[in-house]
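Got the viewer open? Let's take a short walk through this model, one selection after another.

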Amino acid sequence: MSEKILVIAAHADDEALGCGGTIARHVAEGCSVHVVFMADGVTSRPEAEPGARQARLVAARQAQAILGVRQTRSLGLPDNRMDTLPLLEVVRQLEPIIEEVRPHLVYTHHHGDLNVDHRITHQAVLTACRPVPGHSVKEIRCFEVLSSTEWGAPAFTPFEPDIFVDISAYMDVKYAALTAYGEEMRDVPHSRSAAHAEVLARHRGHCVGLQAAEAFTLIRKIC
Ligand SMILES: [Zn+2]
């Protein structure tokens, strides 16, 4: 079914790690996928080189082209400091985009991630997508991001997926998008390595009898 899908990620690379294969599959199936990045993912780093922000933007553009994303927006919120903004302000930046795109399905972060921007993005998305009468969003799925979801404190509900999307035919596309984000990827045995991304996709797939999958938790589905 052709539908509009919005991926709301804190940083450029979260979308490729969390649902790159699923985006590619949605696009191949005729859906129109839009992406929003909340923060730049770079400026909070003390070691960030001049031009790092621009380099991340170029990488993001490449990755979006590889994945087949229709349109990408960047809100430029303070990186790794989204907790310095009132939640209402974050929600107010998202709402007009959701109104304009009118997505049926939204992907965003898991609420228990270690990264504070991921957690606030999750909260803002749930607020902006309140199921009031006439709201376009009928389904919200949360993805996992290596080196954040599995590093969250045990006090948060762990990521226990209930949706598995077969990406066996889209692993190459996911890798290509991750390769575009080469600067963000690390070497084995760091958790955010391309090799670990493959292990995770194989693990999620094999759990449900597939070659490879991306897994999600469902917030709600209205149908
Ligand atoms: Zn992130």
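Start with two strands side by side. Select β2 together with strand β3, residues 71-77: they pair in the parallel sense, and five bridges hold the pairing. For one spot along that pairing, pick V35, which stands opposite T72 in β3. Now follow the chain itself: from β2 it crosses through α2 to reach β3, and this β-α-β crossover is right-handed. Keep in mind as you click around that this is a predicted model.

Next, keep β2 on screen and add β1. Which way do β1 and β2 run relative to one another, parallel or antiparallel? They run parallel, with six bridges joining them. Zoom in on I8, and you'll find V36 of β2 standing opposite. The route between these two strands goes from β1 through α1 to β2, again as a β-α-β crossover, and a right-handed one.

Before leaving β2, colour it by accessibility. How many of its eight residues are buried? Eight of the eight are, so to speak, under cover.

Time for some charged side chains. The structure holds 11 salt bridges, and we'll stop at a few of them. Select R56 and D13: they form a salt bridge whose closest N and O atoms are 3.4 Å apart. R56 sits in helix α2 (residues 52-67), while D13 is in the loop between β1 (4-9) and α1 (14-28), so this pair ties together parts that are 43 residues apart in sequence. Are these two partners buried or exposed? R56 is buried, at a relative accessible area of 6%, and D13 is buried too, at 4%. Now add E184 to your selection: D13, R56 and E184 are linked in a network of salt bridges.

Stay with helix α2 and pick R53, then D40. Here is another salt bridge, with the closest N and O atoms 3.1 Å apart. R53 belongs to helix α2 and D40 to the loop between β2 (32-39) and α2, so the pair ties together parts that are 13 residues apart in sequence. How open is each partner? R53 counts as partly exposed at 41% relative accessibility, whereas D40 is buried, with a relative accessible area of 15%.

One further salt bridge to click on: R141 with E139, where the closest N and O atoms are 2.8 Å apart. Both of these residues are buried.

Finish with the cysteines. How many disulfides does the structure hold? Zero. Select C207 to see an example: this residue is in no disulfide, and the nearest cysteine sulfur, that of C142, is 19 Å away. C207 is partly exposed, with a relative accessible area of 48%.

Last stop, C223. Why is there no bond here? The closest cysteine sulfur, in C31, is 16 Å from the sulfur of C223, which is too far for a bond; a disulfide needs the two sulfur atoms within 2.5 Å. Switch on the surface and look for C223 there: this cysteine is exposed, with a relative accessible area of 91%.

Technical notes:
Residues numbered from 1 in each chain as written. Predicted model: local features only at pLDDT ≥ 70, side-chain atom pairs only at ≥ 80, totals over all residues. Heavy atoms only, no water. Buried < 20%, exposed > 50% of the residue type's maximum accessible area, 1.4 Å probe, protein only. Salt bridge = Lys/Arg side-chain N within 4 Å of Asp/Glu carboxyl O. Helix = DSSP H or I, 4+ residues; strand = E, 2+ residues; numbered from the N terminus. Pairing = 2+ DSSP bridges. Right-handed = clockwise from strand over helix to strand, strands pointing away.
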